[in-house]
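Me: I have a model open on my screen and would love a guided close look at one part of it, the central sheet and what packs around it. Could you walk me through it in one go?

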Amino acid sequence: MLSLVKHMTLLGLGAFCLIFGVVPSFFGVWHIGTLALVLAGMGCLFLLFTDGWNRHIWKIARIIIAFFLGLGGLVGLILSIWMVSSAFWNPPPAEKPVTVLILGCQVMEDQPSLMLRYRLEAALTYLNDHQDTPVIVSGGYDPQNSFSEAQVMAAYLQSHGIKKQDIYLEDRSSSTQENITFSAQIQREQNLSPSFAIATDGFHQLRASLYAKDQGLEVYSLPAKTPWGLAPGYWVREWFGVLKALFWD
């Protein structure tokens, strides 16, 4: 019975990781998170199909693969709990003045991608209930595009009733760290509230908050949903991003 449970668990995990690691590549999405899922899926299936192989080399290989899968799973679990806490248990206080910051994402000419539109919608839900709140849209230029992410976001907000004078453009950044750094400069130059309500995907909130706290900002979350088919890969990719923010940036 225990052997059957183990085999079904390895098969389920392997299939899950391979599906969500490989399928996004057909839509042009391929990054360290999807690669890690593919490797984890292959590792699970290796453990499944070599179970009972008794040659010494296979036993050593199984131990090594099981160790790295276990270590990765443990680190990922710890980071995931922290990520969920940062994203969903940290809303802005109802009456406290804040500056809304929307972090950029891919645009298609003058239109936001689906992920960016979800971030804008998360911000609009708050802005529509808190009139005259200043909002910084942060995202630079893709060399293949005529419009910056910030320009596209600003136009989208204005088309949904946000006043132009309440929108501040930050269009120099090309990374999350630069998003935060350059937006903090605008906050200081314009004397905006140093309490930031950051609109970005739930998986992205923790890393954004780490960079924001380095800038002396108080941070709250406006989590956006992520397209379900892309969520596992981006979630795993964020583990690497958080570790980089903690130990290298």
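To get my bearings, how many helices and how many strands does the secondary structure of the protein chain come to?

Reply: Happy to! One thing to keep in mind is that this is a predicted model. The protein chain has eight helices and seven strands. Its C-alpha atoms fill a box of roughly 70 × 35 × 30 Å along the principal axes. Of the 249 residues in the chain, 45% are buried. If you take contacts between residues at least 6 apart in sequence, 69% of them join residues at least 24 apart.

Now for the sheet. Five strands make up an open sheet, and the order across it is S5-S4-S1-S6-S7, with parallel pairing. At the edges you will find strand S5 (167–170) and strand S7 (218–224), each of which pairs on one side only. Going from one strand to the next, the twist averages 25°.

Let's zoom in on the pair S1 and S4. Strand S1 covers residues 99–103, and it pairs with S4 in the parallel sense over four bridges. A good place to put your cursor is Ile102, which stands opposite Val137 in S4. Now bring helix H4 into view: H4 lies across S1, S4, strand S6 (195–201) and S7, and it runs at about 170° to S1.

Those two opposite residues also lead us into the packing. The largest nonpolar core has 49 residues, and Ile102 and Val137 are among those with the most contacts inside it, together with Val100, Val135, Leu157, Ile180 and Ile198. H4 supplies the largest share of this core, seven residues. Apart from this core there is another one, of five residues, including Cys17, Phe20, Leu37 and Val236. As a general point, nonpolar side chains tend to be buried together in soluble globular proteins.

Ile180 is worth selecting by itself. Leaving out neighbours within four places in sequence, Ile180 is in contact with Leu101, Leu103, Ile198, Ala208, Tyr211, Ala212 and Gln215.

Next, slide along to Ser138, which lies in strand S4. Is Ser138 buried or exposed? Its relative accessibility is 0%, so Ser138 counts as buried. The side chain of Ser138 makes a polar contact with the side chain of Asn179, at 2.9 Å. Setting aside neighbours within four places in sequence, the residues in contact with Ser138 are Leu101, Ile102, Leu103, Gly104, Glu149, Met153, Glu170, Ser173, Asn179 and Ser183. Ile102, the residue opposite Val137, is thus one of the contacts of Ser138.

While you are in this part of the chain, look at two loop residues with backbone angles worth a check. Glu109 is not a glycine, yet it has a positive phi of about 55°. You will find Glu109 in the loop between strand S2 (107–108) and strand S3 (111–112). Glu109 has a relative accessible area of 39%, so it counts as partly exposed. Asp132 has a positive phi too, of about 70°, and is not a glycine either. Asp132 sits in the loop between helix H4 (114–127) and strand S4 (135–138). With 48% relative accessibility, Asp132 is partly exposed.

Finally, a few helices to complete the tour. Leu10 lies in helix H1 (residues 2–22). A relative accessible area of 13% puts Leu10 under the 20% cut-off, so it is buried. Leu10 and Leu45 are 35 residues apart in sequence, but their C-alpha atoms are 6.5 Å apart in space. Beyond neighbours within four places in sequence, Leu10 is in contact with Cys44, Leu45, Leu47 and Leu48.

Helix H2 (residues 32–49) has 18 residues and reaches 26 Å from its first C-alpha to its last, close to the 26 Å expected at 1.5 Å a residue. Its buried residues are Gly33, Thr34, Leu37, Val38, Ala40, Gly41, Gly43, Cys44, Leu47 and Leu48. Cys44, Leu47 and Leu48 from that set are also among the contacts of Leu10.

For helix H8 (residues 231–247), the 17 residues should span 24 Å at 1.5 Å a residue, and the end C-alpha atoms are indeed 24 Å apart. The buried residues of H8 are Pro232, Gly233, Tyr234, Val236, Glu238, Gly241, Val242 and Ala245. You have already come across Val236, in the core of five residues, where Leu37 appears as well.

Technical notes: Residues are numbered from 1 along each chain as its sequence is written. This is a predicted model: local features need pLDDT of at least 70, side-chain atom pairs count only at pLDDT 80 or more; totals for chains, interfaces and linings use all residues. Side-chain values use heavy atoms; hydrogens and water are left out. Buried means under 20% relative accessible area, exposed over 50%, partly exposed in between (1.4 Å probe, protein chains only). A nonpolar core is a set of buried Ala, Val, Leu, Ile, Met, Phe, Trp, Tyr and Cys residues joined through side-chain atoms within 4.5 Å. Contact means heavy atoms within 4.5 Å. Two strands pair if DSSP finds at least two bridges between them. Axes are lines fitted to C-alpha atoms, for helices over the stretch in contact, and angles run from 0 to 180 degrees between N-to-C directions. A polar contact is a pair of N or O atoms within 3.5 Å; within protein, one must be able to donate a hydrogen and the other to accept it, and residues adjacent in sequence count only if both atoms are side-chain atoms. The expected span of a helix is 1.5 Å times one less than its number of residues.
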